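Please look through the following model with attention to how its helices pack and where its backbone takes less usual values. The explanation after it goes from helix to helix and then to single residues.

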Amino acid sequence: MGAAGHPGAARKQNATRMEPLTAAAHPARRGTAWPPALTGLVALLGLALALALAGATVARPGAEYGAGDPLASRALVRFHGVEQNATDTYRWSEPLAGVFLYGFEGRPAVVELRLAAPRPAATPPAELTARVGGEWLGSFTVSGEWRRYRLLAPTRPAGETALLLETPAFVPADDPRELGVALSRLRVAPAGDGRALPLVRWLFLFTLPVIGWLLLWRLGARLGLAAAAAGLLALVAVWAAAFPTTGGYWLPTLGWPWWPVVPLLLLAAWPRLAGGLAVGRAALDRRPALGWLGLALALAAIVGMRLGLPWLAGMALLVAGVWAGLGLIGRGEPGETPELPRGTVPAVLLLVLGVALALRLLNLDGQPAGLWRDESRHGLQALQIWSDPGYRPVYVVEGADLPALLFYLMAPLVGLLGPHAWSVRLVSALAGALTPLALYWAASPLLGKRAALLAAALAAWASWSLSMSRWAFPATLDHLLVLGAVGLVWRCAPAGGWRALAGMALAGHLGGLALYAYHTGRVAPLALAAVAAIRLGADRVAWRRALPGLAVAALAGALTIAPLAAAIIGDSEGYNRRVGSVSILDSNDPQTHTPVGLVLGNLGRYLLMFHVRGDANGRHHLPEAPMLDPVAGLLLALGLGLALRSWRAHPGVAVALSLGAIYLTPGVFSGNAPHAMRSLGTLAPALMLAGFACAALLRAVPGRPRWARREVLAAGALSVSLAFNGWLYFAVMAVEPRVYGEFDLLETAMGRVAAAPAASADPSLAAVRVYVPDRLRGEDTFRFLTWGLPTYGYTGAGLPPDGAVLLLLPGDARPAAQAEALAALGAGGELLGPVARYPGTERPVALAFGRGAAATRLLAESGLILP
């Protein structure tokens, strides 16, 4: 039998060239089976007919919602909650609100709104302006009584269409909200018959099963599997065509025309494209210097994007450079890298721990320059736990909206050391400093000791980790616990004996504790389950041997979370309140509102946060700066390329990829992307891949003695990374207004002065009374710093004439307010000077006025007054 007719030969040819199986591969069925191309053509023609019929006979876009309808949230964005009066249910809009129009796909829509905008007699009536995108539709006055208003709104053929409603902000006397108009009912209908499915929508839905079929065919899947997948996608497409409003919400026409044109072209041209890439790879493999030039290009692209290079061009250069650099990895054999000298691992880990501690404890009281409100609330919770034996929360809904583990760990520190910025931040700082050790523990059996050491070193000084661990938040606890559990599961799951059972029990306990740390801890069980599944693989014997350990881990985890489970049963709404409030389903984005659009948008932002644009919140990191330094960013990109090439053969790499994907989910499915705190769990797997790439790259270092050259190169790269992160955090972020402006510098400064008399051993200084603006006495930061101390409020009236007094005002207090403060102090009152200054400026945070020598001396001896 010839090669063409031999089934084994046909399958081999299919595996190498990824051509579809045909009847020639199965001689027994030759002449009875339809060719796959003809089968696919018939199926696609049937799909086209089904779509046409669905669009012509069933589909009619439009919807009608009352204000209290739960489905109204699909269409309404930036509307307040449902309210009820004697006659109507309604929702107030914000000054800029939107109504999303689904299923019209380029056809005009008639939008009927039942609105009212009651205003006091002295207030101008509400003028509403309607627009779609940049197209102005008109303006009209909304009556104070309920009226129906109809608008003819154009819609976009692709993407999402929002009818934006703009009104001047109105703040009622008894309501702090900014309001627009009240809406009680919404009806949307097509302007004409509206039954013909628009061409763009038809093509979008038609190509879904085509792309699915071609993709599986190119991957060498069996014909039945490819046909089943294409059939399922065809059913989805028919459903979306038949129910355009619901289909437009769950399956919008996004990415047009790049989707579907680009994937179709790639799938059609894949054999030629793969051949060209193979030729290019062979040429690069023969010229190692081109690989190093590629990595230099990738590094230049990363730096260039920081300096303003358009991200699309920068990412293209980064991908091209990494692809060229991948040719360097694998040229040497793993055995060429000598074992680390005896004693190297503990010595390096001690050095890493020392650097991590130093970077997190250095000036912990002064950077960030002030406490943030939530830090102070956490400190107040810890003080209440310390001082009140009857207060033992599991999950704190009011005042924190967090599990209580952090507060219990804080309690002895702030209780014994006092309420200070450094004491309330100490737990987070220590957890952050220990995380590199936990990362080494988790990564060393996955990727090797050298890669794990490199990853731990990068974690010790990553500016992202520094930002998250130098303030009083529990995000660092979650990942410290999970990394410890990952290392235990990998080592103990396939083993037997009592030690393995004890290790699995500890892993389950640590995974359970992660749920008490931060909201992202909710995915810890999923992360550990993924690690166990990858470790055990498809080996049934290994699963049977691991079953007792897995059961013990599950039992230990269940017992650990039992108190939390009881709290959830008692108040599930409170437990899920914070997660629900930041969910993408509660998004206020006036441009994108469909779940698919929000998820894809978030996913893109998170994938770009490492190299292009990071979190915009200055409390989390330098606003909009990439989350990784250029060295770590280059190594991560190289590690991703290497992982995509080797994950099937390297389970440890698969674990890193899985952990990264799992810990992306809390951020991807919530708002404000990219959010550094919700995605902090991706830092450890990202650095695992970076360490893996660095260790692999070191094998390609040329010259002799190779070991010394490798270590010098590694030390140089790590030194640059350390210097960059230290400069970014301690030099740039320290004086960046977008960073320190996110913290409560005024309340912190005044709280420290108000607490100074109680800290003095001198009776005359302890007798000084410190007055602050009365409104600030109730602020959380001031309350935390003055816990258990008497405080005095200043309202502008005169102060008692006897005794030493300090009076504090904001640094921007007007001359009239300063004169009033001096008058309130009476005879002997004087301006003593600024208490603190905004970092990097001469602007005072607060001004101190005083009466009596003790007041002046208190400020001088406590170091709180500035020259």
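The paragraphs below take up the helices and their contacts, and then the backbone of some loops.

The model is predicted, and for that reason local features are given only where pLDDT is at least 70 and side-chain atom pairs only at pLDDT 80 or more, whereas totals for chains, interfaces and linings use all residues. Residues are numbered from 1 along each chain as its sequence is written, and side-chain values use heavy atoms, with hydrogens and water left out.

A convenient starting point is helix α13, residues 449-461, where helices (H or I, at least four residues) and strands (E, at least two) are DSSP runs numbered from the N terminus. The expected span of a helix is 1.5 Å times one less than its number of residues; for the 13 residues of α13 this gives 18 Å, and the end C-alpha atoms are 19 Å apart, which agrees. Of these 13 residues, 12 are buried, a term that stands for under 20% relative accessible area, with exposed meaning over 50% and partly exposed in between (1.4 Å probe, protein chains only). The buried residues include Arg450, Leu453, Leu454, Leu458 and Trp461.

What packs against α13? One partner is helix α9, residues 344-361, with an angle of about 15° and the axes 8 Å apart; axes here are lines fitted to C-alpha atoms, for helices over the stretch in contact, and angles run from 0 to 180 degrees between N-to-C directions. That angle makes α9 roughly parallel to α13, given that angles under 35 degrees count as roughly parallel, over 145 as roughly antiparallel, 65 to 115 as roughly perpendicular and the rest as oblique. The crossing of α9 and α13 is left-handed, that is, the near helix is turned anticlockwise from the far one by less than a right angle, whereas clockwise would be right-handed. In this contact (heavy atoms within 4.5 Å), the α9 side includes Val345, Val348, Leu349 and Val352, and the α13 side includes Lys449, Leu453, Ala456 and Trp461. By class, the residues of the contact of α9 with α13 are 13 nonpolar, no polar and 2 charged, where Ala, Val, Leu, Ile, Met, Phe, Trp, Tyr, Cys and Pro count as nonpolar, Asp, Glu, Lys and Arg as charged, and the others, Gly among them, as polar.

Another arrangement is found for helix α10 (residues 373-387) and helix α11 (residues 405-417), whose axes come within 7 Å and cross at roughly 75°. These two helices are therefore roughly perpendicular to each other. Their contact draws on residues including His378, Gln381, Leu383 and Trp386 of α10, and Phe407, Tyr408, Met410 and Pro412 of α11. The contact of α10 with α11 has 12 nonpolar, 4 polar and no charged residues.

Helices α7 and α8 can be read together. For the 19 residues of α7 (residues 288-306) the expected span is 27 Å and the end C-alpha atoms are 28 Å apart, which agrees; for the 15 residues of α8 the expected span is 21 Å, and the corresponding distance of 20 Å agrees as well. The buried residues of α7, among them Gly291, Leu295, Ile302 and Met305, pack against α8 (311-325), α21 (630-646) and α23 (683-698). In α8 the buried residues include Met315, Leu318 and Val322, and what covers the buried residues of α8 includes α6, α7, α20 (595-608) and α21. Just after α7, Gly308 takes a positive phi of about 115°.

The remaining backbone features lie in loops. The loop between α9 and α10 holds Pro368, which is joined to Gln367 by a cis peptide bond with omega of about 0°, and that loop also holds Asn363, a residue other than glycine whose phi is positive, near 50°. With 45% relative accessibility, Asn363 counts as partly exposed. A cis peptide bond also joins Trp256 and Pro257, with omega of about 0°, and Pro257 is in the loop between α5 (244-250) and α6 (258-285). In the loop between α22 (651-668) and α23, Asn672 has a positive phi of about 60° although it is not a glycine, and its relative accessible area of 60% makes Asn672 exposed.
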